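Student: I would like a close look at a single part of this model, taken slowly. Please start with one hairpin and follow the strands and their neighbours outward from there.

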Amino acid sequence: LRNMARIYDLAILLAFISSVHALCSSPTDSPSRRDWLRQTSGAAGIFLFGSTNAPPSAQASDSAQELPDVLRKISLAPLGKPQIFENKSLNLPLEELASRLTRDLTVGASGSGGYFLTGDLSTDIFKDDCVFADPTNNVASLSRYQNALRILFDPASSQIQLLSPLEIHADTQPKTISGRIRSRGYIQLPWRPYVSAYESDIVYTIDDETGLIARQDQVWDSKSPSKALTESFTPSSFLFNQPPPKSYLTPSPTEPKAVSRLFDYIDGRRPNEYTSQERREIESLIQEVVDTGKTNGETNQPKFQRELLPGRWILAYLQPGPNGVGIDRRIPFPDFDFNDNYQVFGSSVVTNIGQVLGPWIDVKVSGTLQEEDPSSTTIPKRFQANIEGGKLCVHTGSDTEGACLGLPIQGEGIFDSLYLGERLRIGQNINGGGARVVQIRLD
């Protein structure tokens with residue numbers, strides 16, 4: 001309780017800092033109380049239900065902001081005194097420098113993992129007083145920056161991805177190398193906060209005299225500084241906001257490569273956490289899987305295997321229908337970002353499970369499941385589900401069902417199975433807007 005009180009005090013401090021920043025950075029002399037309250041609640045509201053969801057226009061505006069420079073230079077952890085590294089690699093060809101940086105970004109200088117997650121970078125290609133700047137930090141010390149990275153992300157449960165080859169700009173003055181990365185993962189704090197995926201552009205500025213990297217500038221274009229701070233102080237295992245389940249099923253030798261890539265992309269993630277760029281990539285993979293899974297009348301084309309359907313499946317990605325329509329859960333409760341949704345299929349029954357407050361409260365609706373044409377194994381395969389009732393349940397443990405209250409939920413659902421494999425399935429809602437769901441098998 002004392003630790004939580006300290007965290008709460010820190011949240012209030014962040015709220016105050018955010019509100020002062022809102023007042024100081026306002027383009028007018030008298031910012032509106034609405035703007036002030038939005039900034040303050042964005043920092044203080046982290047203990048309600050996780051992330052704060054601003055409208056797209058507000059998110060776009062926030063992403064262009066930075067914390068005040070005086071705050072970006074404040075260290076929240078002891079990073080030690082600046083150190084001197086010997087044996088610098090002076091005036092390397094830009095191609096070799098880009099190659100070294102590529103390795104540092106992806107696997108680390110010594111193979112310990114990408115340096116944004118581990119601090120494992122090549123100290124011989126950076127100046128000791130190199131400036132490392134992003135929207136929330138500004139450090140003018142290689143050793144201090146390296147120490148900060150070592151205590152930031154948990155490498156075992158975090159990921160970094162170089163989205164495209166680094167580009168060399170030899171004709172600029174000074175010369176630069178640039179690239180784009182995507183990061184996400186868990187921070188090494190007692191409350192284990194989860195930072196959702198974000199993309200950033202990196203520019204390395206080369207010193208003309210030594211050929212060493214004199215500056216690293218990182219610009220986020222899919223996450224605002226306020227959202228980053230909010231996520232950093234939101235516990236991932238406090239009450240409701242727990243990490244999503246992850247499947248550890250291994251691929252069969254016959255699993256299509258596109259299916260394996262899609263599975264690896266979305267396993268252990270929730271539908272609301274993807275960036276715009278990730279959504280474009282995922283939906284391209286979805287279409288590739290759907291196209292390869294269709295039965296076109298050829299004997300070597302895949303067929304629907306109904307024996308693969310029974311089991312527990314978790315929703316990992318939702319692709320809205322043509323008019324932007326999602327899935328009607330038929331549950332009269334708000335759908336918070338930390339909730340998970342499941343479907344449990346039997347041979348002729350289906351149960352939809354929608355969490356209301358994480359694993360502690362959920363709504364279950366059940367009904368019969370029928371194939372439109374049981375004699376056909378053609379893909380897509382059409383099903384009809386007749387929902388016959390539901391219940392709201394409170395759980396005394398993550399897997400222990402306690403008291404339940406019956407709910408008068410009834411209706412008919414029609415959906416197509418577009419792909420069904422051992423680890424992944426893609427379905428499309430037919431009578432509710434055409435949204436596609438991508439689910440991962442948990443057992």
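Tutor: In the hairpin formed by β6 and β7, 6 residues lie between the strands, and among them glycine 211 takes a positive phi near 75°. This is a predicted model, so the description that follows is of computed coordinates. Strand β6 (residues 194–206) pairs with β7 in the antiparallel sense, over 7 bridges, and within this pairing threonine 205 stands opposite arginine 215 in β7. β7 also pairs with β1, here in the parallel sense and over 4 bridges. Arginine 215 of β7 appears again in that second pairing, where valine 131 stands opposite this residue.

From β1 and β7 the path leads on to a helix, since both strands, β1 (126–134) and β7 (213–220), are included in what covers the buried residues of α8. The cover also includes α7 (115–118) and β2 (137–139). The residues of helix α8 (residues 142–150) that are buried, each with under 20% relative accessible area, are Leu142, Ser143, Tyr145, Gln146 and Leu149. They lie on the same side of α8, because the arc they cover around the axis is only 160°. The general background is that an α-helix has 3.6 residues a turn, so residues three or four places apart point the same way.

A further strand worth following is β8, of whose 9 residues 7 are buried, so that this strand is largely enclosed by the rest of the structure. β8 pairs with strand β9 (residues 341–345) in the antiparallel sense over 4 bridges, with glycine 311 standing opposite phenylalanine 345 in β9. β8 pairs as well with strand β16 (residues 436–441), again in the antiparallel sense, over 6 bridges, and there the bridge partner of tyrosine 317 is valine 438 in β16.

β8 (residues 311–319) also gives the most to the lining of the largest cavity, contributing 3 residues. A search of the whole structure finds 1 cavity of 30 Å³ or more, and about 40 Å³ of space lies in the largest cavity. Its lining is made up of 13 residues, and those that lie nearest its centre are Pro245, Gly268, Arg269, Ile314 and Ala316. Sorted by class, the lining has 8 nonpolar, 2 polar and 3 charged residues.

Methods:
Residues numbered from 1 in each chain as written. Predicted model: local features only at pLDDT ≥ 70, side-chain atom pairs only at ≥ 80, totals over all residues. Heavy atoms only, no water. 1 Å grid on protein atoms, 1.4 Å probe; cavity = no way out; pocket = protein on both sides within 12 Å on 5 of 7 lines; lining within 4 Å. Points joined across faces, edges and corners; volume = space filled by probe spheres on them. Helix = DSSP H or I, 4+ residues; strand = E, 2+ residues; numbered from the N terminus. Nonpolar A, V, L, I, M, F, W, Y, C, P; charged D, E, K, R; others polar. Buried < 20%, exposed > 50% of the residue type's maximum accessible area, 1.4 Å probe, protein only. Arc of directions from axis to C-beta. Contact = heavy atoms within 4.5 Å. Pairing = 2+ DSSP bridges.
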